[in-house]
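I opened my notebook to look up a few things in this structure. Here are my entries, in the order I made them.

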Amino acid sequence: MSTHTHRKIALIGGGGVRTPLVVFGVNEASRQLGAEELALYDLDQERCRVMAELGDAIVAEEGGSLRVRVAGSVADAIEGASFVLNSIRAGGNRARAHDERVAIEHGYPGQETTGPGGVAMALRTVPIAVEQARMVERLSPNAWLINFTNPAGLITQAIQHHSSAKVVGICDTPSEMMHRIRVVLNANEEECCCEYLGLNHLGWVRRIWLHGEDVTERLFAVDDFLSKVYSVQLFDYELIRALKLLPTEYLFFYYSRRRALENQRRQGSTRGAEIEQLNELLLGNLAELLRQGNPRGAVAAYKNYLNVRSGSYMKLEGYADSALTETDGGEDDPFHAASGYHRIAIDVMKALCGDEPKRIVVNTRNRGSIEDVDASDVVEVPCMIGSDSIVPEPCGRLPEAVRGLVQAVKAYEREAIEAALTGTNTAMRKAMLLYPAIGEWEPSKGLLEQLTVRC
């Protein structure tokens, strides 16, 4: 791919609130990517138009020649693209808020990708994602499909097993954790290397190497280090020391599910409900500022939104705090942050276009990387990415403390994909039974009935 220029990049789900971040990233890396056009498609064409107009304002403010346009159809966006980014939310944030509320009513934490909310999201999303992947294989067979769509590992596996599209799943959670570790240690990527393995939203840092020395045990013994690794203090330090692993934030919904549920009940809301409100306020504000001919004001409002949103991440679940109490997100520039949602996508695309391999954690076919997981299953591991190829790093066996959990969640994912494509309730209830975040038969009937009610 490195010889191509004038590339077209497609973003399916272009009406999403993170689209402007992607616009910024593609524009910033347009020379390395050879990117000329970013085609956005979304079922909500009005939202897509607002995001495209904001994208134009970002390109003008930053300088660049990237052309951002609203595609009239999925096919229009995909055809001729070198990369297709998929970031859809079937049912929108209203469905997410509904899923999380139902989960809480049934005694489970409300979270969009983990637990009952993740089941509902998979059920809605798998058929759409597979259909779109098959369009990619027909209309742009040489394109890479970069899957942002959650639950990212499960959706990537569904696409991998039910289409011939070249797919890789991405998530900023592992890269964010590794970035924080390096900041705490005042080290760069060459000086500090982290061993990471697991599944999407179910991963751990196993080893930390600093200047070629394994410093994991020494660092885990220091409370000050552990207190700075997470943006919100979710895990008891003794838990980390017992596991001898650093869990990513989403393990909170396995290791501390009662605490998460109690905090959500105490707050009386969920992250999804709060994001829905924040998004409605943002979109109304953006539309008005753009209508007034104030693109700079729209970009500033968008940056503030991102800072409020990221600054409140996991605080509701961890502390019963609310994202709606903050209106000023501070002066940080989320576009130029060292890590984040747009950085992982751009890093992967640049690596696939380049000749020098880069080590990035992505969701890809296992191929023996983790010995305890089937070779054809999708895992989240460091990979060497370069020159149109993705090669997973050998990770060996899973640590015994997490082996059973990973294997059980993977069994759930396989069953959930088949249930979503066949549409049988019994198969989905079996998937919920296999899923450690639920793990019971009787509650699955009522859960499934309520989760699948159109909201």
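**Entry: the largest cavity**

I looked up the largest cavity and noted about 120 Å³ of space in it. The model is a predicted one, and I keep that in mind for every entry. I then asked how many cavities of 30 Å³ or more the structure holds. The count is 2.

Next I went to the lining of the largest cavity. I listed 14 residues there. Those nearest the centre are Thr 113, Pro 151, Asn 200, Glu 413 and Tyr 435. I also checked which helices supply at least two residues of this lining. Helix H7 (152-162) and helix H18 (400-422) each do so.

**Entry: Thr 113**

I picked one residue from that lining, Thr 113. I found Thr 113 in the loop between helix H5 (92-105) and helix H6 (116-139). Is Thr 113 buried or exposed? Its relative accessible area is 8%, so I wrote it down as buried.

I looked for a polar partner next. The side chains of Thr 113 and His 201 are joined by a polar contact of 2.8 Å. Then I left aside the neighbours within four places in sequence and read off the contacts of Thr 113. They are Gly 118, Met 121, Asn 150, Pro 151, His 201, Tyr 250 and Tyr 435. Pro 151 and Tyr 435 were already on my page, as residues nearest the centre of the largest cavity.

**Entry: the second largest pocket**

I turned to the second largest pocket and noted about 530 Å³ of space. I counted 22 residues in its lining. Closest to its centre are Ser 175, Arg 182, Glu 189, Lys 358 and Arg 359. Which elements give two or more residues to this lining? I wrote down helix H8 (173-185), strand S7 (192-199), helix H17 (341-353) and strand S11 (358-365).

**Entry: salt bridges**

I looked up the salt bridges and got a count of 31. I chose a few to follow.

I started with Arg 206, which forms a salt bridge with Glu 195. The closest N and O atoms are 3.4 Å apart. Arg 206 sits in strand S8 (residues 202-210) and Glu 195 in strand S7, so this pair ties together parts that are 11 residues apart in sequence. I checked accessibility for each partner. Arg 206 has a relative accessible area of 16% and is buried. Glu 195 comes to 24% and counts as partly exposed.

My next pair was Asp 224 and Lys 228, whose side chains meet in a salt bridge of 3.1 Å, N to O. Both lie in helix H10 (residues 223-229). They are 4 residues apart, about one turn of the helix. Asp 224 is partly exposed at 46% relative accessible area. Lys 228 is also partly exposed, at 46%.

Then I took Lys 445 and Glu 449. Their side chains meet in a salt bridge of 2.9 Å, N to O. What separates them along helix H20 (residues 442-451)? They are 4 residues apart, so about one helical turn lies between them. I put Lys 445 down as partly exposed, with 45% relative accessible area. Glu 449 is partly exposed too, with 45%.

I also noted a network. Glu 37, Arg 67, Arg 69 and Asp 76 are joined into one by salt bridges that share partners.

**Entry: Asp 42**

I wanted a charged residue without a salt bridge, and Asp 42 is one. I located Asp 42 in the loop between strand S2 (35-41) and helix H3 (45-62). Asp 42 is buried. The nearest side chain of opposite charge belongs to Arg 47, 5.9 Å away.

What does the side chain of Asp 42 reach at 2.9 Å? I found the backbone nitrogen of Gly 15 there. Leaving aside neighbours within four places in sequence, I listed the contacts of Asp 42 as Gly 13, Gly 14, Gly 15, Gly 16 and Cys 48.

**Entry: Gly 284**

I ended with Gly 284, in helix H14 (residues 271-291). Gly 284 is partly exposed, with a relative accessible area of 42%. I looked up one distance as well. Gly 284 and Ala 75 are 209 residues apart along the chain, and their C-alpha atoms are separated by 29 Å.

Key:
Residues are numbered from 1 along each chain as its sequence is written. This is a predicted model: local features need pLDDT of at least 70, side-chain atom pairs count only at pLDDT 80 or more; totals for chains, interfaces and linings use all residues. Side-chain values use heavy atoms; hydrogens and water are left out. Buried means under 20% relative accessible area, exposed over 50%, partly exposed in between (1.4 Å probe, protein chains only). Lys and Arg count as positive and Asp and Glu as negative; His and the chain ends are not counted. A salt bridge is a side-chain nitrogen of Lys or Arg within 4 Å of a carboxyl oxygen of Asp or Glu. A polar contact is a pair of N or O atoms within 3.5 Å; within protein, one must be able to donate a hydrogen and the other to accept it, and residues adjacent in sequence count only if both atoms are side-chain atoms. Contact means heavy atoms within 4.5 Å. On a 1 Å grid over the protein atoms alone, a cavity is a set of points where a 1.4 Å probe fits but cannot get out, and a pocket is an open set with protein on both sides within 12 Å along at least five of seven lines; lining residues have an atom within 4 Å of a point. Grid points are joined across faces, edges and corners, and a volume is the space filled by probe spheres set on the points.
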